[in-house]
Amino acid sequence: MWTPGNGDSFETMDYSKSVVTIMPSVEMLVCFSHDMMRAKKACLLYAEKIDFKEMMQLRLAEKTDQRHMYITTVDSTSFHELKQDQSLNVTFAGFMDNVVRMLKDCQLGKLELHLASRDPNGSDFQLQFVEIRSFKNLIHLCLPCRSAPLNTVLYYINIMLDASYKKCFLLEQSVQQAQLELNSQQAHMDRVGAENKKLRETLAENTHRLEEKHAAELLQMQEKVAKVNEQRSNELERNRRSISSIQTQLEKAIADRSDTQIALEQADKRNKALSDELSSCKSRMCSLKEQNDKLHAETISAKKHERKLEYKIEDLKQHTVELQEHIQQGNKEKANIAAELEAEKKILHTKRQALEIASEEIAKANQIILKQNQEILGHKKTIGWRTEVALQQEKAIKEKETLLSLRENEIRQARKTIKELREEIPQQLQSMRQFANTLEKKYSKQILTLKERLSST
């Protein structure tokens, strides 16, 4: 995003709507040259433009220390100067396309990005797109570049803080979603347990009914078989008696031979019918045995399915225990971060009191200066300007305090922190400490200068 009030006439723009990113932010190596010294550093590159104006901005920030920031701004007037100085043959849109193409070549290693110092103080630089050749390096394009002021750096640090707040909010949403998933899994486990219980009950009822039914059928078949065996034994006994009587009467009654043969044939037929009935009974017994084996196999498979469900329930319980341990660890880390933020808040409160004392002294100095002559009118204007700066800084501190309070509320509501928070929050605390130290140095210098001027007057 473009920074307001940085000397590039962006004070009255709606930055969130007008600024367009022409290339995603990338990390690349930049060759720094200053006082015959060269060094390659890893930098983060941001390329942006304004959609309704011919204006483009490139921003380089060192990866290790983002306080070192370098800005290149090209508008229509500076583009015409570059066009005349470097003999460019494209329009502003073609110029932006070629800059994006050269940046991609730098990312691929075809070109190198050099930042050469033009000022011994190190505030003005020249951004060069260099092609490395065996005979002589070829510079395709040179763009003026300057070191970013403190308010610009603080602005982009605030943007990083806003991004971290958004990440915290997204993490909170992910924690809530994980909690909902956990609740749904618990409900699913309850449903599976209830279904398993119902299946067990129905299986027990079915097995009981089938056992009773098969027992009754077996009893009936046993009774039938016993009756048939009894009938057969009786008939066999009768046949034996008839045969013995016939054998005793064979010698006496040859005329009755035909009758006895007919009786024997009838007995044989009856025996065949009984043997057929016995075979059918045996086949029925085999079919009942097969049905019993099938039911036994079904009961074994149902028991196996029940064991699988029990193993699944145990795995889900272990997963819930692990999730609870992760949540407890996140709560501990949240408490540690809250304690650190409370300490930082106390430090800022003490510095704010010091600023209030300084503002009271400045107000007294203003009352004394109002009574002075017209000769010290210039001093009065400078002191009034410094009081305005102090009030602006005090407003900035109040905004920081409100941001800190919002951050505390968000941290209290968060139930789980991820490894990204562990890496980002210490960097944010360090940047806030550096900002507080810079404010302390500024106000201490201003108070000393005011005291010296008051003593001199």
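A surface patch consists of residues with over 30% relative accessible area and no salt bridge, with like charges joined within 9 Å. The model shown in these views is predicted.

**View 1. A positive patch on the surface that includes a residue of helix α5.**
Lys-303, Lys-304, Arg-307 and Lys-308 form a positive surface patch. Among them, Lys-303 belongs to helix α5, which covers residues 257–370. The relative accessible area of Lys-303 is 52%. Because exposed means over 50%, Lys-303 falls in that class.

**View 2. Antiparallel pairing of strands β5, β6 and β7.**
Strand β5 (residues 112–117) and strand β6 (residues 124–131) run antiparallel and are joined by six bridges. One residue pair can be picked out here: Ser-117 has Phe-125 of β6 as its bridge partner. On to the next pairing, β6 is also matched with strand β7 (residues 138–147), again in the antiparallel sense, over eight bridges. In this second pairing Phe-129 stands opposite Leu-141 of β7. The connection from β6 to β7 is a hairpin of six residues. In a regular strand, side chains alternate between the two faces of the sheet.

**View 3. The salt bridge between Glu-27 and Lys-63.**
The model has a count of seven salt bridges. One of them joins the side chains of Glu-27 and Lys-63, with an N to O distance of 3.1 Å. Glu-27 is in strand β1 (residues 19–34), whereas Lys-63 is in the loop between β3 (55–62) and β4 (69–75), so the pair ties together parts that are 36 residues apart in sequence. Both side chains belong to partly exposed residues: the relative accessible area is 42% for Glu-27 and 44% for Lys-63.

**View 4. The salt bridge between Lys-40 and Glu-112.**
The side chains of Lys-40 and Glu-112 meet in a salt bridge at 3.4 Å, N to O. Lys-40 is located in strand β2 (residues 37–50) and Glu-112 in strand β5, so this contact ties together parts that are 72 residues apart in sequence. Lys-40 counts as exposed, at 53% relative accessibility. Glu-112 is partly exposed, with a relative accessible area of 26%.

**View 5. The salt bridge between Asp-105 and Arg-101 in helix α3.**
Asp-105 and Arg-101 form a salt bridge through their side chains, at 3.5 Å from N to O. Both residues are in helix α3 (residues 92–108); because they are four residues apart, about one helical turn separates them. Asp-105 has a relative accessible area of 14% and is buried, a class that means under 20%. Arg-101, at 45%, is partly exposed.

**View 6. Ser-87 and its positive phi.**
The phi of Ser-87 is near 55°, a positive value in a residue other than glycine. Most residues other than glycine have a negative phi. Ser-87 is located in the loop between α2 (76–86) and α3. With a relative accessible area of 58%, Ser-87 is exposed.

Key:
Residues are numbered from 1 along each chain as its sequence is written. This is a predicted model: local features need pLDDT of at least 70, side-chain atom pairs count only at pLDDT 80 or more; totals for chains, interfaces and linings use all residues. Side-chain values use heavy atoms; hydrogens and water are left out. Patches are made of residues with over 30% relative accessible area and no salt bridge: like charges are joined within 9 Å, nonpolar side chains (Val, Leu, Ile, Met, Phe, Trp, Tyr) within 5 Å. Accessible areas come from the Shrake-Rupley method with a 1.4 Å probe; for residues, only the protein chains shown count as cover. A salt bridge is a side-chain nitrogen of Lys or Arg within 4 Å of a carboxyl oxygen of Asp or Glu. Lys and Arg count as positive and Asp and Glu as negative; His and the chain ends are not counted. The place of a charge is taken as NZ of Lys, CZ of Arg, CG of Asp or CD of Glu. Helices (H or I, at least four residues) and strands (E, at least two) are DSSP runs, numbered from the N terminus. Buried means under 20% relative accessible area, exposed over 50%, partly exposed in between (1.4 Å probe, protein chains only). Two strands pair if DSSP finds at least two bridges between them.
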